[in-house]
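Reader: I would like to learn how to read the packing and the pockets of a model. Could you take me through the features one at a time, giving the general idea before the case at hand?

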Amino acid sequence: MRIVLVGFGPVGVRFAEEILPEVQAGRVELTIVGAEQHDPYNRIMIAEYAAGDVSRDGLIVADPEEFRSAGARVIQGDAVTAIDRETHEVVLSGGERIAYDRVVLATGARSNVPSLDGLMSVSPDASGLDAQLTDGVTVLRSLEDAERVKAVIEQGGRVVVLGAGILGIELALLLADAGAIPSISHFGPIPMPRQLDRGAAHVLVEQMTRAGVTVVPHTRAEAIIAHDIDGRRTFRALVSSDGKRLEGDLLVLSCGVQPRAELAVEAGLRVGRGVLVDEQLRSWSDPSIHAIGDVAHVQDPERFGDERSVPGGPSGLVGPGWRQAEWLAASITAEISGQACEPYREDVPGIVLLKASQIDLVTAGDVQVDPFAPTPAGERAPEVAMWADPQHGTYVKMSTTDGVLDAFVAVGQPRAAAELSVLYQRRGELPSDRSLLLRLDAADETLPRAEGRDATVCMCNAVTAGQIEDAVAEHECTTVEEVGSCTRAGTGCGGCRVRISELLAQREVASA
């Protein structure tokens with residue numbers, strides 16, 4: 001089977017790793033096409049690289065030579081410009097045509113660039129897929145973007161972040177911790193409006209301010225002001241519709257992403273909020289084309305095929321993308337062997353974790369439910385438990401149905417958040433006395449914690465404490481990186497790396 005994998009990021013790498021045994025056995029002919037010249041790297045942690053928390057080598061997720069040695073063809077620094085569905089060939093920018101039986105689209109997403117007066121596209125970026133913007137303005141999606149941010153951080157410069165989603169907030173906190181002077185502006189009254197309620201957002205903003213981040217809400221950005229430096233227009237300030245002016249040495253646009261689905265569109269495939277694929281991760285329009293990761297919109301074509309607007313869309317999280325990659329490789333392997341494979345299902349709920357040393361924040365589900373709102377006749381009142389101590393930076397809200405956790409948000413309560421995350425993933429029932437969870441973060445906490453070997457440490461890769469303990473014992477892992485090589489824990493968003501370090505330290509103490 002001739003497979004062409006388009007995209008060599010973390011999700012594409014995971015698919016290639018999983019299908020490699022079939023390549024080595026001679027049952028699959030794999031061609032990997034990546035637009036960037038770099039070796040595949042962890043795009044999720046490039047902000048940490050810019051801030052100096054992770055080395056460039058620490059970002060690398062795979063060695064292309066290992067794939068080549070196993071029999072795969074790896075093309076770097078070239079892009080697929082078209083999919084010829086009639087001849088079953090993909091066309092590269094240099095004109096080469098590669099025949100396929102299956103195409104796997106793992107092209108990811110690109111950053112949204114808002115329309116701002118004065119903001120211009122200067123030239124194509126290093127990959128040739130996106131545009132390089134006015135000097136001093138950047139998104140944060142590639143290594144080149146990270147280098148621009150890194151240069152300003154090293155000078156202790158002023159950085160304006162536009163957009164207060166999870167990535168924008170993480171970046172602003174990293175900037176403050178690294179010695180830069182960050183401000184973050186966003187439209188609307190609260191940051192992360194899809195993940196936080198008003199109470200959690202209030203506590204978060206207070207903690208960000210204490211950490212050295214200036215938060216500017218209600219900002220409808222309209223233009224940038226630029227000045228001339230050595231003959232080049234260079235960013236100086238962001239201007240909002242009400243006349244606010246945020247000056248800085250760099251403007252980072254953190255305004256969400258959109259799937260790189262142009263190949264699918266030009267090939268005549270149906271798209272929604274990404275390439276529409278079924279429960280086999282096959283395109284609705286062509287069963288020989290698959291999509292995984294941020295470019296895949298998984299939905300049932302029999303149910304929604306006639307709908308103009310298809311519900312759902314990519315999760316934006318790397319964990320589901322990895323699970324799609326693993327499932328698709330297993331499905332193709334089963335198909336080659338003449339076996340059946342269960343349909344793809346995303347069983348692990350999405351949990352959003354703020355990666356920041358200054359603030360602990362975890363949220364999942366819809367936390368907007370108002371426990372004090374009137375309940376219409378005939379409807380059940382929401383089951384909500386809340387705790388707030390804004391002065392000390394703590395806030396917890398839990399929403400349940402018959403005692404089972406539907407949604408939660410926890411700020412400044414790391415142990416409670418860890419317990420709630422486990423209960424949320426397992427659809428577990430909360431204790432009748434909800435305050436037991438709050439006491440987990442007490443200084444003299446002595447209550448038993450439901451962790452043990454089954455507790456999930458790495459949510460991106462669904463790695464448990466027991467799997468990490470086994471890897472440490474069997475492979476003598478002594479560093480977070482070695483644990484990652486053995487189990488993949490800590491190789492996603494990086495939010496679990498502190499927990500892995502704690503497990504390693506505990507084992508070292510126990511051994512002594």
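Reader: Which residues does F67 touch, leaving aside those up to four places away in sequence?

Author: In soluble globular proteins, nonpolar side chains tend to be buried together. In this predicted model, F67 touches F8, V13, A16, E17, L20, I32, A62, A72 and V74, once residues up to four places away in sequence are set aside. F67 also belongs to the largest nonpolar core, which holds 68 residues, and there F15, L30, F67 and L105 touch the most other members. A second core, separate from that one, has 49 residues, among them A51, A176, A200 and L361.

Reader: Is Q207 buried or exposed?

Author: Burial is read from the relative accessible area, and a residue counts as buried when that value is under 20%. Q207 has a relative accessible area of 15%, and therefore it is buried. Q207 lies in helix α7, which spans residues 198-210, and beyond its sequence neighbours up to four places away Q207 touches I359, H392 and G393.

Reader: Which helix gives the most to the lining of the second largest pocket?

Author: A pocket can be read through its volume and then through its lining. The second largest pocket has a volume of about 530 Å³, and of its 25 lining residues I60, V61, G484, S485 and T491 are the closest to its centre. Helix α14 gives the most to this lining, with six residues, while α1 (10-24), α3 (56-59) and α14 (480-487) each supply at least two.

Reader: How do the residues of that lining divide into nonpolar, polar and charged?

Author: The lining of the second largest pocket comprises 11 nonpolar, seven polar and seven charged residues.

How values were computed: Residues numbered from 1 in each chain as written. Predicted model: local features only at pLDDT ≥ 70, side-chain atom pairs only at ≥ 80, totals over all residues. Heavy atoms only, no water. Core = buried A, V, L, I, M, F, W, Y, C linked by side-chain atoms within 4.5 Å. Buried < 20%, exposed > 50% of the residue type's maximum accessible area, 1.4 Å probe, protein only. Contact = heavy atoms within 4.5 Å. Helix = DSSP H or I, 4+ residues; strand = E, 2+ residues; numbered from the N terminus. 1 Å grid on protein atoms, 1.4 Å probe; cavity = no way out; pocket = protein on both sides within 12 Å on 5 of 7 lines; lining within 4 Å. Points joined across faces, edges and corners; volume = space filled by probe spheres on them. Nonpolar A, V, L, I, M, F, W, Y, C, P; charged D, E, K, R; others polar.
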